[in-house]
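Let's take a relaxed walk through this protein, one part at a time. Have the sequence and the 3D view ready, and find each residue as it comes up.

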Amino acid sequence: MKRPFAYLAGVGRCAPERILHNSEFAALGLETSDEWIVQRTGIRERHIAGPSETNTSMSAAASRVAMERAGVHAGELDLIVLGTASPDHLLPSTAVEIQAELGASRAAAFDISAACSSWLYGLIVAEGLMMSGNAETALVVGTEKLSAIVDWRDRSTAVLFGDGSGAAVLKRSKHGKGILSTYFRSDGNLAQLLHRRAGGAAQPFDAAALADRSFYIEMEGREVFKHAVRSMADACDRALDGAKLTGADIDLLIPHQANIRIIEATAKHAGIPMEKVFVNVDRYGNTSSASVPMALEEAMASGRVTDGSTVLLVAFGAGFTWASLVVRF
Ligand code: ACO
């Protein structure tokens, strides 16, 4: 089917109120420092959700902004695709909770689990369902409350993650705007490098999991780093090839915000100077599924993405999964 078929008609973002600075980890009993975290990751602070801030409440807030900007009301949504690695409940999906919260009674709603690549996977799935005639108007959400599944005693992961939500409304493309190319891949052989061992059906949550803390996120940081750099580079190449463009044609690169060093390596590979790369990892940390849509919303709000901008979106996450899109605004 001819592209662009779908465009991002409105984008919204929501971050919890509480900001946790690097300097606060010491008081939480973690042996770390602002200097170590900034030097290794580029992160200075992150937003952490309070007990009343859930994926459903944050996503609903982000979605309402996206819908208002797109001029779409809840009754017009045919589809809600929600990416998350930290769903509010294991059953049912967080997508149906948002559906109820928004009153999107006509929509089919489901979650996607591709870790940090989930929102990009969601855009690709939504575009496909629009192309096949199953939906006209779609809401694609990326949301995380990672603070609920991070081991706050593990300094190698606790300092990296944050909470938040981002959302976009997809409509039929007009005037040549929209998704120009997509690419997504995964490699399940590497699942154990970033995972939660317990809490699922294979190893249900029990006293042993509570004692050995195996229901929290565990990560081999150095290995993940290597694969992230390699896969994000591959994903940039593929999406640019698909759109018949080069790095020089891109007005802004919006990569998954995991670590400034991974972002710099990705930009260098794609031949895109850092002035054309959007970075907010310093203020949000790694918000996984929410990272790219939150960054996109900030880029649009600050005027770095305007009418006619050509943007490269790229992400990498647990699985491993990786994905990329070129989008014209
Ligand atoms: N403060 C101080 N020291 C620390 C901390 C901390 N917060 N965390 C680890 N260290 C120590 C380690 O214990 C180790 O000490 P040792 O040498 O005495 O054993 C030392 O620092 C070096 O540890 P490394 O893990 O080798 O440090 P590295 O330079 O690789 O940085 C980091 C670690 C930041 C996690 C890096 O590997 C990284 O960013 N990896 C990618 C992680 C990522 O992006 N994950 C998400 C992608 S997928 C997704 O988003 C879900």
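## Two domains

Domain bounds here come from an automatic or database domain assignment. One thing to keep in mind as you look around: this is a predicted model.

The assignment splits the protein into domain 1, residues 6-176, and domain 2, residues 180-328. Take the C-alpha centre of each domain, and you'll find the two centres 14 Å apart. How many residues of each domain are in contact with the other? On the domain 1 side there are 51, and they touch 46 residues of domain 2.

## A pair of crossing helices

Now look for helix H7 (residues 221-242) and helix H8 (residues 260-270). Two packed helices are described by the angle between their axes and the distance between the axes. For H7 and H8, the axes come within 9 Å and cross at roughly 35 degrees. The crossing is right-handed.

Who does the touching? H7 brings Phe225, Ala228, Val229, Met232, Ala233, Cys236 and Asp237, while H8 brings Arg261, Ile262, Ala265, Thr266, His269 and Ala270. Sorted by class, that contact has nine nonpolar, two polar and two charged residues.

## Cysteines without a bond

You just met Cys236 in the H7 side of that contact. Is Cys236 buried or exposed? Its relative accessible area is 0%, and anything under 20% counts as buried, so Cys236 is buried.

The closest cysteine sulfur to that of Cys236 belongs to Cys116, 15 Å away. A disulfide needs the two sulfurs within 2.5 Å, so this pair is too far apart for a bond. Cys116 is buried as well, at 9% relative accessibility. Search the whole structure and you get zero disulfides.

## A helix tucked inside

Next up is helix H10, residues 291-301. Why call H10 largely enclosed by the rest of the structure? Because nine of its eleven residues are buried. Those nine are Ser291, Val292, Pro293, Met294, Ala295, Leu296, Glu297, Glu298 and Ala299. After H10 comes Gly303, with a positive phi near 80 degrees.

## A buried loop residue

Finally, find Thr137 in the loop between helix H4 (118-131) and strand S6 (138-145). With a relative accessible area of 12%, Thr137 is buried.

What does Thr137 touch, leaving aside its neighbours within four places in sequence? Its contacts are Val72, Glu76, Leu77, Asp78, Leu79, Val169, Leu170 and Lys171.

Note on methods: Residues are numbered from 1 along each chain as its sequence is written. This is a predicted model: local features need pLDDT of at least 70, side-chain atom pairs count only at pLDDT 80 or more; totals for chains, interfaces and linings use all residues. Side-chain values use heavy atoms; hydrogens and water are left out. Buried means under 20% relative accessible area, exposed over 50%, partly exposed in between (1.4 Å probe, protein chains only). Helices (H or I, at least four residues) and strands (E, at least two) are DSSP runs, numbered from the N terminus. Contact means heavy atoms within 4.5 Å. Axes are lines fitted to C-alpha atoms, for helices over the stretch in contact, and angles run from 0 to 180 degrees between N-to-C directions. A crossing is left-handed if the near helix is turned anticlockwise from the far one by less than a right angle, and right-handed if clockwise. Ala, Val, Leu, Ile, Met, Phe, Trp, Tyr, Cys and Pro count as nonpolar, Asp, Glu, Lys and Arg as charged, and the others, Gly among them, as polar.
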